[in-house]
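This report describes the fold of a single protein chain, first as a whole and then through selected helices and residues. The sequence and the coordinates are displayed below.

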Amino acid sequence: MADDVTRDAAMASAAGAAPAAWAATGNVVGSRRRRRGSGSPWERYGWLMAALWLVFLIYPLMALLRSEAAQMWITTGWIALGAFVVIYVAGFMNGMSFGGGGLTTRPKPIQWVAFGGMIVTAALTIPAAGGSALSFLPFIMSFASYGLNRLAHWLTMAVCVAVTAMVVFLTPQGAAYLSILAIIALLGAVNTVSTSLIIRSAQAEELGLELATSEGREAVARDVHDLVGHSLTVVSLKAQLVRRLIDSDPERAKAELADIESLTAEAIAGVRATVAGVRSAALVEQLDSCRDALHSVDVTMRVEGDVTALSPAQSLTASWILREATTNVLRHAGASTVTVHIAPGGFTVADDGSGFAGREGSGVRGMRERATIGGAMFDVRTGESGGTRVEVTW
C-alpha cells in the first residue's frame, strides 16, 4: 500500500508540475497588465487556473486516508492540507488581483508570509503522509519562482532538489521517489528558463515604453521648435521694424505692434495645442501666414500650383516644412523672392538667397524628420540659379 501511494505521489508531481508553473506564469501576466491599467477577466479570474491544478493534491489526501500514524498527526495533516490549499490560492489571488508583485516587480511582504505558510503546512503533513508530502514541492517551487524573486527561485529550487535527493538516497524506500527527484529537477530547469524569458520580455516592454516616451518628447520638442522658432523670428523682425518706424510712421508702427500681439497669441495657442497633441495646420493657412511674415521684411512669395493637389496627410507635412523653410529664409537666406511649387506628390520651396551651405542645422534636420514621418523623400541643395531649394516628394 505504501508503494502504491508513493507511485501515486510521483504521478501527481509529474502531472502537476508543469500546470502549476503555467498557472503561476499568469501571476506575472496579470501583474504586467495591471501596470498598464487593465482590469481584464484574466486578472480577475486567472487564479482559478492555479486552483484547478490543486486536484493533484488528492494523492497526499489519499495518503492521509491510508495513514497508520497517530491520530493527532493525521488530524494535523488534514488541517495542514486544507491550510495549504487556502494559502496557495490566496497567494495567487493576491499576486494577480491585488498587486502582490513577484518576479518582475518587488513582492509585497504578504507574499513572503504566504510562501512561509505553504512550507510550514506542507511540513506538518509529513508525519502522517510520509513521502507523499513531496507532492507539495512543485507548487512551492512554482510559487517561489513566479510569485517572489530570483533569489527565492534559486534557493527554493536548490532546497527542494536537495530534500528530495536525501529522501531518495537516505531512506529505506527512497528508490520509489526517484521519479519525483527527476521531475523536480526538470521543473527547476523549466522554471529557470521560463522566468528568464518573462523577465527579458518585461525588460523589453519597459525599454519600448522608454523609447516611445523619448520619441514622444522629441516629437513635442520638434513641434515646439518649429512653431516657436518661426513665430519668434517673425516677432523679432517686426520689433526691429517698429523701432525704426515709431518716430517716422507711428500709425504703421502701431499696426506692426498689433501684428506682434497677434503672432504671440497664435504661438501660445499653438504650443498649448501641440503639447496636447491635437494641432494640425492647414497648408492654405500656412501659406497665408508665411506670405505675411515674408512680406513684413520685403520678401515676395509666389505660389505655383494648387494646394488641393496634395492629400490631407501630405498637406500637413508640407505645412510644417514650409514653416521651417520660411524661418530659414528670414534668418539666413538674404533672399528677395521665395517660390512655392505644389504638384501631385511633390512640394518645393525655393529662394534666390545665398544658397545652401551644406551643413544641416536643427531646422533642416527637423524638416528631414518631418518628411520621413510623412513617408516622403527630402532633399535640400543649392538651386541651379543660386539660392536654396527644399524639395519633398511622395
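A residue is called buried under 20% relative accessible area, exposed over 50%, and partly exposed in between, with a 1.4 Å probe and protein chains only. The model is a predicted one, in which local features need pLDDT of at least 70 and side-chain atom pairs count only at pLDDT 80 or more, while totals for chains, interfaces and linings use all residues. Residues are numbered from 1 along each chain as its sequence is written, and side-chain values rest on heavy atoms, with hydrogens and water left out.

**Overall architecture**

The chain has 14 helices and five strands; these are DSSP runs numbered from the N terminus, with helices being H or I of at least four residues and strands E of at least two. Of the 394 residues, 45% are buried. About 19,500 Å² of the chain is exposed, and carbon and sulfur atoms supply 63% of that area; the areas come from the Shrake-Rupley method with a 1.4 Å probe. Contact means heavy atoms within 4.5 Å. Among contacts with a separation of 6 or more, 72% join residues 24 or more positions apart.

**Annotated spans**

An unreviewed UniProt entry places the feature "transmembrane region" at residues 47-65, 72-92, 112-139, 151-170 and 176-199. Such annotations may be inferred rather than shown by experiment. Residues 72-92 are 100% helix and 0% strand, and their end C-alpha atoms lie 30 Å apart. Residues 112-139 are 71% helix and 0% strand, with end C-alpha atoms 15 Å apart.

**The α8 and α9 pair**

Two packed helices are described by the angle between their axes and the distance between the axes. Helix α8 (residues 137-147) and helix α9 (residues 150-170) have axes that come within 8 Å and cross at roughly 165 degrees. Helix α8 is therefore roughly antiparallel to α9, a label given to angles over 145 degrees. On the α8 side, the contact is made by Leu137, Ile140, Met141, Ala144 and Ser145, and on the α9 side by Ala152, His153, Thr156, Met157, Cys160 and Thr164.

Helix α8 is largely enclosed by the rest of the structure, because eleven of its eleven residues are buried. Among them are Pro138, Phe139, Phe143 and Tyr146.

**Selected residues**

Alanine 158 belongs to helix α9, and serine 179 to helix α10 (residues 178-248). Aspartate 352 occupies the loop between β3 (346-351) and α14 (362-373). The table pairs each of these residues with a partner elsewhere in the sequence.

| Residue | Partner | Sequence separation | C-alpha distance |
|---|---|---|---|
| Alanine 158 | Alanine 185 | 27 residues | 9.1 Å |
| Serine 179 | Valine 168 | eleven residues | 9.4 Å |
| Aspartate 352 | Arginine 389 | 37 residues | 9.0 Å |

Relative accessibility is 45% for alanine 158, which counts as partly exposed. Serine 179, at 35%, also counts as partly exposed, as does aspartate 352 at 39%. Leaving aside neighbours within four places in sequence, aspartate 352 is in contact with Ala335, Ser336, Thr337 and Gly387.

Threonine 317, found in helix α13 (residues 312-333), is buried, with a relative accessible area of 9%. Apart from its neighbours within four places in sequence, threonine 317 is in contact with Arg370, Ala371, Gly374 and Trp394.

Notes: Axes are lines fitted to C-alpha atoms, for helices over the stretch in contact, and angles run from 0 to 180 degrees between N-to-C directions. Angles under 35 degrees count as roughly parallel, over 145 as roughly antiparallel, 65 to 115 as roughly perpendicular and the rest as oblique.
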